[in-house]
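Trainee: Could you walk me through this model, starting from its ligand?
Mentor: Happy to! Have a look at it, and then ask away.

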Amino acid sequence: MPDAAGPARPPLPSRPGALPQVPPPRTGYPAGPQGSVPQYGAPFLEEGPALPDDLDALEALVKACTRCPLHATRANTVFGEGHRDRPAVMFVGEGPGADEDRTGRPFVGAAGQLLDKMIAAMGLRREDCYIANVVKCRPPENATPTPDQAGHCLPYLEAQIRVLRPRFLVALGAAAAHALTGSQDGVARQRGRVQRRGDIPLVVTYHPAALLRNAEYKRPAWADLQLVMARLRNG
Ligand code: URA
């Protein structure tokens with residue numbers, strides 16, 4: 001039976017001027033606005049809670065994070081690694097696989113070995129770049145992270161980008177593309193051009209795992225990386 005007084009309201013402060021009681025956050029950083037569940041590329045990123053401007057502090061928060069169910073099945077969080085101050089390129093993948101979950105390092109399995117070759121072909125070293133993922137915990141069965149899982153993890157990625165100040169962002173695959181551009185268009189529609197995320201140039205391309213499955217993606221992916229190289233060469 002609906003309450004004639006309308007929907008339930010938060011309890012009133014016990015004394016004038018006191019703040020209403022809010023349940024403490026269950027995780028390392030405060031809950032999103034009104035406990036909302038952020039979506040891919042949502043404005044939550046811009047308006048979200050302040051996270052530390054320090055990579056080690058951020059990584060410690062990620063290690064302790066229980067914001068989404070992926071924490072329950074992880075062996076290790078995979079924060080990201082690489083050049084910590086204005087890397088030439090920040091590559092963003094989808095989420096850790098089995099090898100990454102086991103080692104706590106991004107892109108160390110088969111897709112990672114191909115990514116290493118792509119980086120070398122660009123005339124760069126892995127240590128010139130930063131490598132991270134949209135979600136920091138392995139989705140079971142390597143499933144694509146749900147918008148809900150990605151949304152909970154995105155503030156960490158956003159903070160990493162803010163602290164690292166990469167010269168270029170490369171979104172590897174659809175999940176990273178959705179997260180970084182906010183567009184739901186797939187890779188085929190988003191690749192082949194330089195976009196911007198704030199003041200950082202951004203290219204979307206195929207995920208190395210997709211290149212391993214479909215050799216026909218290799219040529220367009222190489223064209224995308226050449227866009228990055230040309231832009232880096234020209235300052
Ligand atoms: N695939 C990803 O998207 N990220 C990794 O770290 C490894 C494989």
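**The ligand and its surroundings**

Mentor: A starting point for this predicted model: the ligand sits in the largest pocket.

Trainee: How do the residues of the shell around the ligand divide into nonpolar, polar and charged?
Mentor: Let's begin with who is there: G93, E94, G95, E100, P106, F107, N133 and H207 surround the ligand. Gly counts as polar in this scheme. The shell therefore divides into two nonpolar, four polar and two charged residues.

Trainee: Which residue has an N or O atom in its side chain 2.8 Å from an oxygen atom of the ligand?
Mentor: Let's set the backbone partners aside before naming it. A polar backbone atom of G95 is 3.0 Å from a nitrogen atom of the ligand, and a polar backbone atom of F107 is 2.9 Å from an oxygen atom of the ligand. The side-chain partner, at 2.8 Å from a ligand oxygen, is H207.

Trainee: What share of the ligand's accessible area does the protein cover?
Mentor: On its own, the ligand has 240 Å² of accessible area. Of that, the protein covers 91%.

Trainee: Moving on to the aromatic rings, why is the pair of Y206 and Y217 called stacked or edge-to-face?
Mentor: The count comes to one aromatic pair. Its ring centres, in Y206 and Y217, are 4.0 Å apart. Planes under 30 degrees apart count as stacked. The planes of Y206 and Y217 are at 5°, so the pair is stacked.

Trainee: How many residues apart in sequence are the parts that this pair ties together?
Mentor: Y206 lies in the loop between β6 (200-205) and α8 (208-213). Y217 is in the loop between α8 and α9 (218-233). The pair therefore ties together parts whose separation in sequence is eleven residues.

Conventions
Residues are numbered from 1 along each chain as its sequence is written. This is a predicted model: local features need pLDDT of at least 70, side-chain atom pairs count only at pLDDT 80 or more; totals for chains, interfaces and linings use all residues. Side-chain values use heavy atoms; hydrogens and water are left out. A residue is near a molecule or strand if one of its heavy atoms lies within 4 Å of it. A polar contact is a pair of N or O atoms within 3.5 Å; within protein, one must be able to donate a hydrogen and the other to accept it, and residues adjacent in sequence count only if both atoms are side-chain atoms. Accessible areas come from the Shrake-Rupley method with a 1.4 Å probe; for residues, only the protein chains shown count as cover. On a 1 Å grid over the protein atoms alone, a cavity is a set of points where a 1.4 Å probe fits but cannot get out, and a pocket is an open set with protein on both sides within 12 Å along at least five of seven lines; lining residues have an atom within 4 Å of a point. A molecule sits in a cavity or pocket if more than half of its atoms lie within 2 Å of its grid points. Rings of Phe, Tyr and Trp (its six-membered ring) pair if their centres lie within 6.5 Å; planes under 30 degrees apart count as stacked, over 60 as edge-to-face and the rest as tilted. Helices (H or I, at least four residues) and strands (E, at least two) are DSSP runs, numbered from the N terminus.
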